Amino acid sequence: MTVDFQPLAGLRVLDLADEKGELCGRLLADLGSDVLRIEPPGGAGSRNLPPFAPDGTSLYFAYRNLNKRGAVLDLEEEAGRECLLALVAEADVLVEAFQPGFMTGLGLGPAELQAVNPDLVVVSLTDFGQTGPDRDHVATDDVVFARSGWLAVSGILGKPPLLAPGSVAYDALGVLGAYAALLALIHRDRGAGGQHLDVSALEALSQMNSWGIPNASASVFQGVPAQTVRSGDNPLYPHIPCADGHIRQVVLAPRQWRALWEWMGRPESFADEYWESTFNRYVNIDVLNPAFWKHWADRPMVEGCAEAQALGVVATPMLKPSDVLGSAHYRSRGTFTTDEVADGITGPIMAGFAEVDAGRVGYRHRAPTLGEHEASFDGEPFPAPTARPEPADLPLAGLRVIDFGHGGVGVECGRMLAEYGADVVKVESWSYPDFIRIVLGGVMTASFASSSRSKRGFGADLKHPDGREVVLDLVRGADIVIENNSTGTMDALGLGYRQLRELRPELIMVSSQLMGSRGEFSGWTGYGPTLQTVGGLSWLWAFDDGDPPPGSPAIHPDHLAGRVCAVFALAGLLGRNRGGGGNHTEVAQVEALLGTLGDVLLKEGLEPGSVRPRGNDSPRGAPWGVFRCAGEEEWCVVSVRHDEDWAGLVEAMGRPDGAGAAELSEATGRMERRDQVNSMVAAWASGLTPLEVEAACQARGVPAGRVLSAFHQMEDPHLLDRGFIVEIDQPGTGPIVLEGPCITGSKMARPVITAAPLLGEHTREICLNELGMSADRLEDLLAAGALEELDPQD
């Protein structure tokens, strides 16, 4: 069902974002804002972006502009600028995605806008940020993807690095833009007034690169050679062929291995306890894979995965877009709704990114036609907070968050809250530690340090009644609770939302399960990589050459889902500040992924069979792709969007023979001769370094970006200049480098980035100093195993 959860009702948003980060305004609109999409007289550029409906309507634009109204203003004309400033006087938020300095050149920069309205929040969404040596570079989603570390590990040797389907960089920018806006609104509630927010797509996506920078830095500090190899799937979660397609199987915990071994018929060759070790299986994957292949050969993918999950084996089917739309699980959840997406176009729309109090938050009405509405705001304005929180340098200072997260979803939500001032208390025990903490056999990993930075650690056995009671005391003083345990776990522990709401009616709880807490496959367990298969991404993330998808080690969408959770947590806080009560948000991790493929799936629904893997080609233009450069495994992405880009590229390449042919002067001709123009670029790039290709293109306004690994990123002058590369001393590992913030605010202090806690590191101080527990009682609970604290030897 659809729920009337609109904590942002009355919030007035001017949305000028074009192509980059358009999900920002969409998410704010989903949450109740009156979002007025401002377009130039000829329409937004994103109205010309694929995929397209049969009548030529851009589904890219339509999907990302649902729930918005639309008006036309010509900002090149004085009358248009005056009208915008009149709207600014009434607005709460303005979102823009122009090149840095463009708005200031029009007399509409942050200073000019806030002179009209000092309480205005200005969100600037750009490829590389407002500062730094590369701030003026032009880009596409694929160029940002190249610079982010993702592309360097995508695909396999023998083929070029493989671009991801969809718009992963610009949709991540949109989610983080919405988070930034909500942060600033909470800060405004605390008396900070309006401010200017700098949100970088490169930094947003680099944060989400499966802990690439922290793990690369750990290797460097340990003296391991800096090396990145494209090996396709992570060996721990391979794609395995089956009777009617492929599945992805993940076996990490000993219990998972034992379940799989039993299911395989208890083969004697793998009976020894040696095989229960994740590391031992990892180094012997060449021995195990043939047995896995044989086991799955005759099993159908969906039914086989259902059988596996029932036995405790993590496996998910590799679904095509048509399979996703026809999935019984998604039907049972109402993941898709058939509604009007654009004027006269009805099809399957991903219904929304989350549910609140069991109701879907998402679709309300179609995207606007060009100039459909008046350039004005209607209705009552956004109300002031009923009780204004104390002023603070960071918007979330003084808020208490209890983090039951593990892996890469809940913990990333907690990380985003901690960086901006919240006191995030991570609850674990040695009987059930966060598996990312111990996956390498110790008590700390670089991955864990990244996701649990800036938190405090509390040790409690949640199955011990006394341990649970202490945790309930923590909840009584909490503002937010985060969890991403298997479906039903929190209820079984007596820590479900209904139980916690009785203790703390104002509590905001955010839950995130793999497939959601209800639906045919709600009991399935897994990890980010398993969602790529069942969410349709793996099938699309391939070359259309008949070979199976080569795979990627990315744990996507774990980091994305964590950030969606954080968006809804802040929306709940803003509603609570205005007299609303607590609520329970549920983000199905697979739906966070589907939410960023909404236009692609809509295209498949409108034209069945039309959506195919695209490899490194783009329906947007040619030449386009990942081109080999001089050196070993050196690459650069070049994107030609239109005829002006082609003219610039021809100049950059030194006017090679044939480039001036009349049939190549227009996009249609180049698209028909894609191989020919791609070959021209490949021949030119092969004699240059990636940086030389990038520089030559950028000097002529052509989007291009060198493919950087996480090792390269640690030395990237642009990221270093912006303070994104942050070195800390992490107990348990020693020095490591963490990814810095992707959001900075003109009124906010620098985000908090400190070491992650050891397990139970802060149990004693929290019990004695904050819960008022006596020292004797604490010692009794520690002795009983109800609570745990840091080993004095650690």
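**Exercise 1. Determine which residues R706 touches in this predicted model, and establish whether R706 is buried or exposed.**

*Solution.* Residues up to four places away in sequence are set aside at the outset. The residues that R706 then touches are A146, R147, W635, C636, P690, L691, E694, D716 and P717. The next step is to place the residue: R706 belongs to strand 22, which covers residues 704-706. Its relative accessible area is 11%. Buried means under 20%, so R706 is buried. Finally, one of the listed neighbours, D716, also takes part in a polar contact, in which its side chain and that of R706 are 3.4 Å apart.

**Exercise 2. Describe how helix 16 and helix 24 cross, and state which residues make the contact.**

*Solution.* Helix 16 comprises residues 410-419 and helix 24 comprises residues 558-577. Their axes come within 7 Å and cross at roughly 55°. Because of this angle, helix 16 is oblique to helix 24. The crossing of helix 16 past helix 24 is right-handed. On the side of helix 16, the contact is made by E412, C413, R415, M416 and L417. Helix 24 contributes H559, G562, R563, C565, A566 and L570. Sorted by character, the residues of this contact comprise six nonpolar, two polar and three charged.

**Exercise 3. Locate G405, and find what surrounds it.**

*Solution.* G405 lies in the loop that runs between strand 14 (400-403) and helix 16. The relative accessible area of G405 is 4%, and the residue is therefore buried. With neighbours within four places in sequence left aside, the contacts of G405 are G410, V411, K426, D434, I482 and N484. A separate comparison concerns V427: G405 and V427 are 22 residues apart in sequence, while their C-alpha atoms are 8.1 Å apart in space.

**Exercise 4. Characterise the surroundings of W296 and identify the polar contact of its side chain.**

*Solution.* W296 is part of helix 12, residues 285-296. Its relative accessibility is 0%, so W296 counts as buried. Once the neighbours within four places in sequence are excluded, W296 is in contact with I240, P241, C242, A243, I247, Q249, W263, G304, C305, A308 and A315. Two of these residues deserve further attention. The side chain of Q249 makes a polar contact with the side chain of W296, at 2.8 Å. A243 is 53 residues from W296 in sequence, yet the distance between them is 7.4 Å, C-alpha to C-alpha.

**Exercise 5. List the buried residues of helix 9 and state which elements they pack against.**

*Solution.* Helix 9 spans residues 212-221, and its buried residues are G212, I213, P214, A216, S217 and A218. These buried residues pack against two helices, helix 18 (446-451) and helix 31 (710-713), and against two strands, strand 23 (725-730) and strand 24 (734-739). After helix 9 comes G223, which has a positive phi near 80°.

**Exercise 6. Decide whether K603 is buried or exposed, and name its contacts.**

*Solution.* K603 lies in helix 26, residues 598-606. The relative accessible area of K603 is 17%. Since the cut-off for a buried residue is under 20%, K603 is buried. Apart from neighbours within four places in sequence, K603 is in contact with P51, F52, L59, S610 and V611.

Technical notes. Residues numbered from 1 in each chain as written. Predicted model: local features only at pLDDT ≥ 70, side-chain atom pairs only at ≥ 80, totals over all residues. Heavy atoms only, no water. Helix = DSSP H or I, 4+ residues; strand = E, 2+ residues; numbered from the N terminus. Buried < 20%, exposed > 50% of the residue type's maximum accessible area, 1.4 Å probe, protein only. Polar contact = N/O pair within 3.5 Å; in protein donor to acceptor, adjacent residues only side chain to side chain. Contact = heavy atoms within 4.5 Å. Axes fitted to C-alpha atoms, helices over the stretch in contact; angles between N-to-C directions. Parallel < 35°, antiparallel > 145°, perpendicular 65-115°, else oblique. Left-handed = near helix turned anticlockwise from the far one by under 90°. Nonpolar A, V, L, I, M, F, W, Y, C, P; charged D, E, K, R; others polar.
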